[in-house]
Amino acid sequence: METITITLPSSGNSVLIQLERKKMKTCRLKVYPEQKIVLSLPHTVPIDWAEKFLLDKSEWIETKLQLFQKTIGYAATTEIKNGYSIKMLGEDMIFVLSACDKDCVYAEGKIIHICSCNPNDPKKIKSLFEKWWRIQARQILEDRVRYWYPIIEKYGIEMPKVTIRKMKTLWGSCSVSRHIVTFNFYLIKARMPYIDYVVLHELVHFLYPNHSKYFYAFLSNYMPDWKERKNVLDQNVVHGL
């Protein structure tokens, strides 16, 4: 596995970047919440070019790492405790755990109540919460698909099936052949305008399967500010941390 180590400009810390050689035309740099950094690039790109590219991006890399570092223990779903919070539709929701005879999860205002016969079992609590969250995600995203569906319905496209799953790098995906749109488990952390961008983006793929100029022209016609929405979505910490 190829790797490159660079020094961050402000802190002076050294970070390791993993290189992934792929069949692609352009490079893609990703910084993940767990502090992992990956540069995907074509097989023909020389290592010295990659080093220069990463040095040029070092300030951006450091900013992203610092942003993710600040959110440790905040908006986290890996560890759910009293007083911890998670974003839901852009709002901070506080976890309140309590002991009770029957397992249940429900939202009340800005509080997510998690009731369990064993509130001190992290695995059980996480399982209860994620089951509830998945139901909320499906309801919200199915509703937004129904909202935007008339745009493609008039072209003879049937209502697609909605699925929810955890994805590391994508907010959504579309399988035209299976007639399914899949959304990231964590997408409902975002505010509705940004959720709507992902929903419409995936629905337009039933008309234009690739990212051609026709795809973006059609998307822009119905959502002129889609680039701004995409930028906000990508720059904010919405993924599972």
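A disulfide is taken here as a pair of cysteine sulfur atoms within 2.5 Å. By that criterion, the whole structure holds zero disulfides. The model is predicted, so local features need pLDDT of at least 70 and side-chain atom pairs count only at pLDDT 80 or more, while totals for chains, interfaces and linings use all residues. Residues are numbered from 1 along each chain as its sequence is written, and side-chain values use heavy atoms, with hydrogens and water left out.

**Cysteines**

Two cysteines are listed below with their relative accessible area, where buried means under 20%, exposed over 50%, and partly exposed in between (1.4 Å probe, protein chains only).

| Cysteine | Closest cysteine sulfur | Relative accessibility |
|---|---|---|
| Cys100 | Cys115, 3.8 Å | 23%, partly exposed |
| Cys115 | Cys104, 3.8 Å | 8%, buried |

The sulfur of Cys100 forms no bond with that of Cys115 because the separation of 3.8 Å is too far. The sulfur of Cys115 is likewise too far from that of Cys104 for a bond.

**Sheet**

Helices (H or I, at least four residues) and strands (E, at least two) are DSSP runs, numbered from the N terminus. Two strands pair if DSSP finds at least two bridges between them. An open sheet of four strands has the order E1-E2-E4-E3, with mixed pairing. Its edge strands, E1 (3-7) and E3 (28-31), each pair on one side only. From one strand to the next the twist averages 25°, with axes fitted as lines to C-alpha atoms (for helices over the stretch in contact) and angles running from 0 to 180 degrees between N-to-C directions.

E3 runs antiparallel to strand E4 (residues 37-42), and four bridges join them. Arg28 has Ser40 in E4 as its bridge partner, and Val31 stands opposite Ile37 in E4. In E3, Leu29 and Val31 are buried and point to one face, whereas Arg28 and Lys30 point to the other and are not buried.

**Nonpolar cores**

A nonpolar core is a set of buried Ala, Val, Leu, Ile, Met, Phe, Trp, Tyr and Cys residues joined through side-chain atoms within 4.5 Å. The largest has 47 residues, of which Ile112, Ile114, Phe129, Leu141 and Phe183 touch the most other members. Helix H3 (residues 122-148) gives the most to this core, with ten residues. Apart from this core lies another, of 17 residues, among them Ile4, Ile17, Phe53 and Leu54.

Contact means heavy atoms within 4.5 Å. Not counting residues up to four places away in sequence, Ile114 touches residues including Ile80, Phe95, Cys104, Ile125 and Phe129.
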